[in-house]
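I am opening this notebook to keep track of what I look up in the structure, entry by entry. I begin with a term that the entry on paired strands will need.

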Amino acid sequence: MRRQTFPPKPSGHPLLRRGTQWAVAIFVGLLSAGQSLADETLTLQGTSPALIFDDTNVPLQTWRIFADDLGFEIQDTSATTFPFRIDPLAPDSSLHIAPSGALGFGTFTPLANLHVSTGDLLPTLRLQTTNVSAARTWDLRGSGGGFDLVDVTNSNAAPFGVQAGAPTNTLYLTNGGKVGFGTTTPDANSQVDIRSTQLNGMLVKRTTAGPNYLRLEDSTGSVFRCGVQGAGERRHPVRCDHGR
């Protein structure tokens, strides 16, 4: 049995006075319960209150729970790391673990394995690598306007977005690598299948001056091109010239 030792305690007092702090001697392996006159079962009071868990089994491991005006921390003393911290004034349900194991961030009732809820207009999940050879930051953002994938490192460029209210199967990728627009069953002989009720099933538009073609090419280099010249002239011959 192991105990933490203190100087002799004052006679007739269940606690030990050490300077401006009070300490309690706790016997490991023996728990003695006494009368509690307050709502708290155990109170640690002082300028830097801490609770240490010191494991003497090999490999030796020590944990420290520490709290002060700067925050609440759990420290892996053996590794000199702080894997968990709560800053003062953290809002309600900043982190909540439901009986099902679901994690809630900003919600007391997580409805998914990971549920993020916030009153902000642009709730965001950030993915960041700090590796010096490939540092990059991506944001997944969802709001009332839609869902965006944002390349923060590239001046907040948003290469992928979904507008709120987009219909089911607007974009569908099969396990065979086929792409369906408006369908979950792309044509077996097509890599891309577009189903639409619009006048034009697809628009290919060049945003700068110059010709614009739709080019189809097989493995031998045979080419079919259909498009317009830079001056607006329509051009739609079947072309069989290689390498163009």
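Before turning to the hairpin, I note that two strands count as paired if DSSP finds at least two bridges between them. I also note that the model is a predicted one.

Entry on the hairpin. I looked up strand 3 (residues 50-55) and strand 4 (residues 61-68), and found that they run antiparallel and are joined by 6 bridges. The two strands form a hairpin, with 5 residues between them. For one position in this pairing I checked the partner, and Asp55 stands opposite Gln61 in strand 4.

Entry on the chain as a whole. I counted the elements next, and the chain has 19 strands and 0 helices. Of its 244 residues, 14% are buried. For the accessible surface I noted a total of about 19200 Å², of which carbon and sulfur atoms hold 56%. I then turned to the contacts with a separation of 6 or more, where residues 24 or more positions apart account for 5%.

Entry on a four-stranded sheet. In what order do the strands of the open sheet stand? I read the order as 10-11-12-13, with 4 strands and antiparallel pairing. Strand 10 (124-129) and strand 13 (157-163) each have a single partner strand and stand at the edges, so one side of each is left without a neighbour in the sheet. I added that neighbouring strands of this sheet are turned against each other by 10° on average, direction ignored. Looking at one pair within the sheet, I found that strand 12 (residues 146-151) pairs with strand 13 in the antiparallel sense over 5 bridges. The bridge partner of Leu149 in strand 13 is Phe160. As a general reminder to myself, the side chains of a regular strand alternate between the two faces of the sheet.

Entry on the salt bridges. The structure holds 6 salt bridges, and I followed some of them through their residues. In general, side chains of opposite charge can pair when their charged atoms come close.

I started with Arg85, which forms a salt bridge with Glu73, the closest N and O atoms being 2.2 Å apart. Arg85 lies in strand 6 (residues 81-86) and Glu73 in strand 5 (residues 71-76), so this pair ties together parts that are 12 residues apart in sequence. Are these two residues buried, or are they exposed? With buried meaning under 20% relative accessible area, Glu73 counts as buried because its value is 14%, whereas Arg85, at 40%, counts as partly exposed.

The side chain of Arg85 also meets that of Asp87 in a salt bridge, at 2.7 Å from N to O. Asp87 has a relative accessibility of 45% and therefore counts as partly exposed. I wrote down the three residues together, since Glu73, Arg85 and Asp87 are linked in a network of salt bridges.

My last look-up was Arg136, which forms a salt bridge with Asp151, the closest N and O atoms being 2.6 Å apart. This pair links distant parts of the chain, with Arg136 in strand 11 (residues 136-143) and Asp151 in strand 12, 15 residues apart. Asp151 has a relative accessibility of 6% and so counts as buried, while Arg136 is partly exposed, with a relative accessible area of 32%.

Technical notes: Residues are numbered from 1 along each chain as its sequence is written. This is a predicted model: local features need pLDDT of at least 70, side-chain atom pairs count only at pLDDT 80 or more; totals for chains, interfaces and linings use all residues. Side-chain values use heavy atoms; hydrogens and water are left out. Axes are lines fitted to C-alpha atoms, for helices over the stretch in contact, and angles run from 0 to 180 degrees between N-to-C directions. A salt bridge is a side-chain nitrogen of Lys or Arg within 4 Å of a carboxyl oxygen of Asp or Glu. Buried means under 20% relative accessible area, exposed over 50%, partly exposed in between (1.4 Å probe, protein chains only). Contact means heavy atoms within 4.5 Å. Accessible areas come from the Shrake-Rupley method with a 1.4 Å probe; for residues, only the protein chains shown count as cover.
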